[in-house]
Amino acid sequence: MGSQVPLEGRGRDSGPLFSGVAPEIIEDTLIHLATENEQYLSELPEQAGCFKETRIVEFIFLLSEKWHLDQSTRYQAVELLERFLIKQVEQMCDDRGSTKGSSQGQRSSWSSVRDQITNTFVLRLVSCVQLASKLSLHYSRVTSDTALTFLQSLKYSYTKQELLESELAVLNTLHFHINVSTPLAYVELLLEVLGYNGCLLPAKPLHKMCVQLLDLCYLTKETIYDTLLKVAIENSTPSKLQIAKFLTVKEDFMLLAVGVISTGVFILSPGHWEQAVEHLNCITGITPQSILEFSYAVVRRIVGCSTPEQHRGTKSPQNRIPPQK
């Protein structure tokens, strides 16, 4: 991110997404999010992303929809579950680390860890959705009765006490640090900054499109980031080292938000795409090349193997900016 966040006067867009927030507050919040993101990436565990499989994300999204939860809650629940399970695995492995033995014993130990996670997985998932709902200021919380009714529909016979203990287990494992910014927070803040910087875009339709694209990125994460990696290294067979180093890219919320907005602009208002990329580069410091590569990966996922060469007379993202050597 650059050392200065440019915030000019608000453009006269007839339909801004947000309003009434002072530029100083937006700038401070953007700096806070960027710092939070950088700190998370600097401490990224090796298992990051392991518990964001499509079927897990889809389960949480569908459950959030069933319970009429807001958009940010479902992303918050996915991130909570991921962070909790990683911490849980680390703690279990540490507890068993002092009893080193044969390879057979280690396999048995890991099997025990896996079984313990599997046996309580759905309960912990529901608890993460419950906790995420309690962080929302605009929507009803998921009550214990609602959660128990759902679990019973899946033939689980948990009690209210066990449900409460499950929430406490998640809270204790994460040291009560559960209010973490989601990629949607980055998207919405960047849209606000774009508005203040005079980048005239269809705010409400763009926000809706960005949410849909963010859902897509969560549900098809492996496919999109696999394409992004191969495009970035210009090689269809990345090495294990390249895959390992790419983990920070896959977990970069700022890059995800910028890529989602760029793709949304390309779909809805291609004539403003280059301007939007320039603004996003200025705001975040993410290079135009990285932004266009992310947009290309997402558009490729949407349309299949080939991307549109022209969209209302506009070239596809992959062809808009020459590669930077």
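Lys250 sits in helix 12, which covers residues 247-250. Who are its partners in this predicted model? Leaving out residues up to four places away in sequence, Lys250 touches Lys221, Glu222 and Tyr225. Take Lys221: it is 29 residues away from Lys250 along the chain, and the C-alpha atoms of the two are separated by 8.4 Å.

With Glu222, Lys250 forms a salt bridge, and the closest N and O atoms of the pair are 3.0 Å apart. Glu222 belongs to helix 10 (residues 221-233) and Lys250 to helix 12, so this salt bridge ties together parts that are 28 residues apart in sequence. Is Glu222 buried or exposed? Its relative accessibility is 51%, and the cut-off for exposed is over 50%, so Glu222 counts as exposed.

## Salt bridges across the chain

Side chains of opposite charge can pair when their charged atoms come close. How many salt bridges does a search of the whole structure find? The search finds nine. Here are three of them, including the one you have just met.

| Pair | Closest N to O | Separation in sequence |
|---|---|---|
| Lys250 and Glu222 | 3.0 Å | 28 residues |
| Glu167 and Lys134 | 2.8 Å | 33 residues |
| Lys160 and Asp145 | 2.9 Å | 15 residues |

Look at the pair of Glu167 and Lys134, whose side chains meet in a salt bridge of 2.8 Å, N to O. Glu167 is in helix 7 and Lys134 is in helix 5, so the pair ties together parts of the chain that are 33 residues apart. The two partners have their own surroundings. Glu167 counts as buried because its relative accessibility is 7%, and the cut-off for buried is under 20%. Lys134 is partly exposed, with a relative accessible area of 33%.

Now turn to Lys160 and Asp145, which form a salt bridge with their closest N and O atoms 2.9 Å apart. This pair links distant parts of the chain, with Lys160 in helix 7 and Asp145 in helix 6. Lys160 is partly exposed, with a relative accessible area of 46%. Asp145 also counts as partly exposed, at 46% relative accessibility.

Salt bridges can also be joined up: Lys52, Glu79, Lys221 and Glu251 are linked in a network of them. You may recognise Lys221 as one of the residues that Lys250 touches.

## Helix 6 and its buried face

Helix 6 runs over residues 144-153, and its buried residues are Ala147, Leu148, Phe150 and Leu151. Why do they line one face of the helix? Seen down the axis of helix 6, the buried residues fall within an arc of 160°, so they line one face. What covers these buried residues includes helix 2 (54-66), helix 5 (121-134) and helix 7. After helix 6 comes Lys155, which has a positive phi, near 75°.

## Along helix 7

Helix 7 spans residues 160-173, and Leu168 is found there. Leu168 is partly exposed, with a relative accessible area of 36%. Together with Leu164 and Phe176, Leu168 forms a nonpolar patch on the surface, and the three have about 290 Å² of accessible area together.

Thr173 has its place in helix 7 too. At 10% relative accessibility, Thr173 counts as buried. Which residues is Thr173 in contact with, leaving aside its neighbours within four places in sequence? They are Phe84, Lys87, Gln88 and Gln91.

## The whole chain

Stepping back, the chain has 15 helices and two strands. Of its 325 residues, 46% are buried. Among contacts between residues at least 6 apart in sequence, 79% join residues at least 24 apart. The accessible surface of the chain comes to about 16,800 Å², and 52% of that belongs to carbon and sulfur atoms.

How confident is the predictor? The mean pLDDT of the chain is 85, and 81% of the residues reach 70 or more. Over residues 1-17 the pLDDT is below 50, and this stretch has 48 contacts in the model beyond near neighbours in sequence. Over residues 320-325 the pLDDT is also below 50, and there the model has 14 contacts beyond near neighbours in sequence.

Technical notes
Residues numbered from 1 in each chain as written. Predicted model: local features only at pLDDT ≥ 70, side-chain atom pairs only at ≥ 80, totals over all residues. Heavy atoms only, no water. Patch = residues over 30% accessible without salt bridge, like charges linked within 9 Å, V, L, I, M, F, W, Y side chains within 5 Å. Areas by Shrake-Rupley, 256 points an atom, 1.4 Å probe, with all protein chains shown as cover. Salt bridge = Lys/Arg side-chain N within 4 Å of Asp/Glu carboxyl O. Helix = DSSP H or I, 4+ residues; strand = E, 2+ residues; numbered from the N terminus. Buried < 20%, exposed > 50% of the residue type's maximum accessible area, 1.4 Å probe, protein only. Arc of directions from axis to C-beta. Contact = heavy atoms within 4.5 Å. pLDDT = per-residue confidence, 0-100.
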